[in-house]
Amino acid sequence: MANTQPILEVQGLTKYFDAAGGKKVHAVENVSFTIERGETLGIVGESGCGKSSMGRTILKIHESTGGKIIFDGVDITKLSAKKMLPYRRRMQMIFQDPYASLNPRMTVGEIIEEPMVIHNIGTPKERHAIVQELIKTVGLKPDHIRRYPFEFSGGQRQRIGIARALALNPEFIVCDEPISALDVSIQAQVINLLEKLQHERGFSYLFIAHDLEMVHHISHKIGVMYLGNMVEFGDSDDVYKHPLHPYTRALISASPVPDPDQAKTKQRIVLEGEVPSPLNPPKGCPFSPRCRYCSEECKSTKPGVYEVEGRKVACHLYSPEKIKQYSSEGKTPEQAVFEE
């Protein structure tokens, strides 16, 4: 019988970091979502919005401040390092910087083999055979096994990082901006490799990136983060083609269009001001200082997370009271607010 349990369920995940003067950096704020088996959840948002902190907290590289992390039906939030060890084999990470994430003093073979050594998997001969197979899987050459990271390009280094993440045959992989440091042509190669591996092995991905076009391409669902908060979450096509939250609309409007004629007619939404400091987030909606639709309610009260059109959005424009008001006027929220 097939396992219908989500591979990952995050409930109210919160992460604060200590700062000078007894202050707290609000990196991740009450975030909830699920990832099904064989599914990719793409996370987008500006730099500093908490994407990477969330991914690292899910893997317990950082300990959470609040909330729950449920992996394959088991609450791992408070597990000790020793009890986490079996789950480490099933949860891996591809790091953002392929230049900093590989040990320069180790050969490619040693780098890929290291996770298997830590987890006491197989004999040296068996591990060597697995390393050779992984090198082939990620598109590197057999003789690369004896070389060092400095001998490779950025794209090749990222392939080494992917091979290392695959060494334990995990079920869930956090891809922390795995293509942001690569040339565009190499980005496509890495994305195609990740999709191929998911199709063949059924991996589940948490894919973190800035590029909304790329996230839309690879993801089944998209989560949009702003100042540590998940402001919109839903099906990839729905979020990309019909965004609800004002911040999502601004992000999508900033995406480049390959067709020059379309680019000329595309309306750009320019956000004013700077992202507020996570040391002192706004009292109400985190997006209120930059939102053109901001009301007094937005400034004073943080919005709930509302179910709208099959997805979740954290915006006062979509509260049940507002939806009822728009409906009585014969309008959708988009018609009532964005098209006025």
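**Helix α9, aromatic pairs and the largest pocket**

In this predicted model, the buried residues of helix α9 pack against five elements: α7 (212–218), β9 (221–226), β10 (229–235), α8 (236–241) and α13 (333–338). The helix itself spans residues 246–253 and is mostly covered, with seven of its eight residues buried. These are P246, Y247, T248, R249, A250, I252 and S253. Y247 also has a part in an aromatic cluster, which it forms with Y226 and F287.

Aromatic contacts come up elsewhere too, and a search of the whole structure finds six aromatic pairs. One of them joins F33 and F233: the ring centres are 6.4 Å apart and the planes meet at 20°, so this pair counts as stacked. F33 belongs to strand β2 and F233 to strand β10, so the pair ties together parts that lie 200 residues apart in sequence. Both F33 and F233 are buried. A second geometry is seen for F71 and Y87, whose ring centres are 6.2 Å apart with planes at 90°, so the pair is edge-to-face. This pair, too, links distant parts of the chain, with F71 in strand β4 (residues 66–71) and Y87 in helix α2 (residues 81–88), 16 residues apart. F71 and Y87 are both buried.

Strand β2, the home of F33, is also worth a look for its pairing with β1. Strands β1 (residues 8–18) and β2 (residues 24–35) run antiparallel and are joined by eight bridges. Among the bridged residues is F17, whose partner in β2 is V25. Five residues lie between the two strands of this hairpin, and G21 takes a positive phi near 75° there. F17 has a further neighbour in K15, whose charged end sits over the F17 ring, 4.9 Å from the ring centre.

Turning to empty space, the largest pocket has a volume of about 410 Å³. It is lined by 17 residues, of which R88, M91, Q92, M93 and F95 are the closest to its centre. Four elements, α2, β6 (91–94), α3 (108–118) and α5 (154–166), each supply at least two residues of the lining. Helix α2 gives the most, with four residues. Helix α2 therefore appears in two parts of this account, as it also holds Y87 of the edge-to-face pair with F71.

Conventions
Residues are numbered from 1 along each chain as its sequence is written. This is a predicted model: local features need pLDDT of at least 70, side-chain atom pairs count only at pLDDT 80 or more; totals for chains, interfaces and linings use all residues. Side-chain values use heavy atoms; hydrogens and water are left out. Buried means under 20% relative accessible area, exposed over 50%, partly exposed in between (1.4 Å probe, protein chains only). Contact means heavy atoms within 4.5 Å. Two strands pair if DSSP finds at least two bridges between them. Rings of Phe, Tyr and Trp (its six-membered ring) pair if their centres lie within 6.5 Å; planes under 30 degrees apart count as stacked, over 60 as edge-to-face and the rest as tilted. A charge sits over a ring if NZ of Lys or CZ of Arg is within 6 Å of the ring centre and within 35 degrees of the ring normal. On a 1 Å grid over the protein atoms alone, a cavity is a set of points where a 1.4 Å probe fits but cannot get out, and a pocket is an open set with protein on both sides within 12 Å along at least five of seven lines; lining residues have an atom within 4 Å of a point. Grid points are joined across faces, edges and corners, and a volume is the space filled by probe spheres set on the points.
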